[in-house]
Amino acid sequence: MKNLRITNVLAMLLIGILVSSTAWAQDAKPKASPAATATGKVGNTTITINYSSPSVKGRTIWGELVPYGKVWRAGANEATTITTDQDVMVEGKKLSAGTYSFYTIPGEDEWTIIFNKTNKQWGTQYDEKQDALRVMAKPRKASSMSERLVYDVTKDGIVLRWENLEVPVKVQAAK
């Protein structure tokens, strides 16, 4: 009789574990804007960009989903961050080594690129008073369509690519 009770309790416990693990596994859907990282070297400087990568999904991105003339978090979810392990020159202006949140103000012909000192924040908590550096960059038509937002670190700097647009930002070793 005692063994039967123990067996019943163990059977119920096993069923409970199976049901809860099945329910948990069903909730583990891929994120709409998965986390991504781009790392590379500009000269001897290592640059790492951490961001969430949204998809186009048939939407018009520039001027609609991402309006012109307004601060954009340059990704989805948490603020995109850029880390440099050495001081650099961004579009000719000095940026000290460190980690910064990365924002932009897109324009049809020119973008404002923003490095903000507050790097651990939700993407929409931008505070202009915390800007470490603002520079200007020229967008251009991409050579191919990019369904997902992608950042690349190249020998010449960083490049944001999404939809049919790319925005190169020149980065060099600090002088």
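Let me begin with a term: a residue is called exposed when its relative accessible area is over 50%, and buried when that value is under 20%. Lys129, at 72% relative accessible area, is therefore exposed. This residue sits in the loop that runs between β7 and β8, and although Lys117 is twelve residues away from Lys129 along the chain, the C-alpha atoms of the two are 9.2 Å apart. I should say at once that what we have in front of us is a predicted model, and that every value I mention today is computed from it.

From that loop, let us move to the strands. There is an open sheet of six strands, and reading across it the order is β1-β2-β3-β6-β7-β8, with the pairing antiparallel. The edges are held by β1, residues 35-42, and β8, residues 131-137, and since each of these has a single partner strand, one side of each is left without a neighbour in the sheet. Going from one strand to the next, the twist averages 25°.

We can now follow some of the pairings in turn. At one edge, β1 and β2 run antiparallel and are joined by eight bridges, and if you would like a point to find on the screen, Ala35 has Ser52 in β2 as its bridge partner. Further across, four bridges hold β3 and β6 together in the antiparallel sense, with Thr81 partnered by Ser101 in β6. Then β6 pairs with β7, again antiparallel, over five bridges, and here Ile105 is the residue opposite Thr112 in β7. The connection between β6 and β7 is a hairpin that passes through five residues.

Is β6 largely enclosed or not, and how many of its residues are buried? Six of its eight residues are buried, so β6 is largely enclosed by the rest of the structure.

There is also pairing that involves β9 and β10. These two strands run antiparallel and are joined by eight bridges, and they form a hairpin with two residues between them; Val153, for example, has Ile158 in β10 as its bridge partner. In addition, β10 pairs with β4 in the antiparallel sense over three bridges, and there Met89 stands opposite Gln172 in β10.

That brings us to the interior. In soluble globular proteins, nonpolar side chains tend to be buried together. In this model the largest nonpolar core has 33 residues, and those with the most contacts inside it are Ile49, Trp62, Trp72, Val90, Ile113, Phe115 and Tyr151. Several elements give two or more residues to this core, among them β1, β2, β4, β6, β7 and β8, along with β9, residues 140-154, and β10, residues 157-173. Which of them supplies the largest share? It is β10, with seven residues.

Next, the empty space. Rolling a probe the size of a water molecule over the atoms shows where such space is left. The count of cavities of 30 Å³ or more comes to one, and the largest cavity has a volume of about 40 Å³. Its lining is made up of Ile47, Ile82, Thr84, Val88, Val90, Leu95, Phe115, Ile158 and Val171, and the elements that give two or more residues to that lining are β3, β4 and β10. By class, the lining of this cavity divides into eight nonpolar residues, one polar and no charged. Two of the names we met in the core, Val90 and Phe115, are thus also among the residues that line the largest cavity.

Finally, the pockets, which are open. The largest pocket has a volume of about 270 Å³, and of the 18 residues lining it, Val66, Trp72, Arg73, Gly75 and Ala76 are the closest to its centre. Its lining has nine nonpolar, six polar and three charged residues.

The second largest pocket holds about 210 Å³ of space. It is lined by 14 residues, and nearest its centre are Asn50, Glu78, Ala79, Thr81 and Asn119, so that Thr81, which we met earlier as the bridge partner of Ser101, appears here again. Strand β2, residues 45-52, gives the most to this lining, with three residues, and by class the lining of the second largest pocket divides into four nonpolar, seven polar and three charged residues.

Definitions and conventions. Residues numbered from 1 in each chain as written. Predicted model: local features only at pLDDT ≥ 70, side-chain atom pairs only at ≥ 80, totals over all residues. Heavy atoms only, no water. 1 Å grid on protein atoms, 1.4 Å probe; cavity = no way out; pocket = protein on both sides within 12 Å on 5 of 7 lines; lining within 4 Å. Points joined across faces, edges and corners; volume = space filled by probe spheres on them. Nonpolar A, V, L, I, M, F, W, Y, C, P; charged D, E, K, R; others polar. Pairing = 2+ DSSP bridges. Axes fitted to C-alpha atoms, helices over the stretch in contact; angles between N-to-C directions. Core = buried A, V, L, I, M, F, W, Y, C linked by side-chain atoms within 4.5 Å. Buried < 20%, exposed > 50% of the residue type's maximum accessible area, 1.4 Å probe, protein only.
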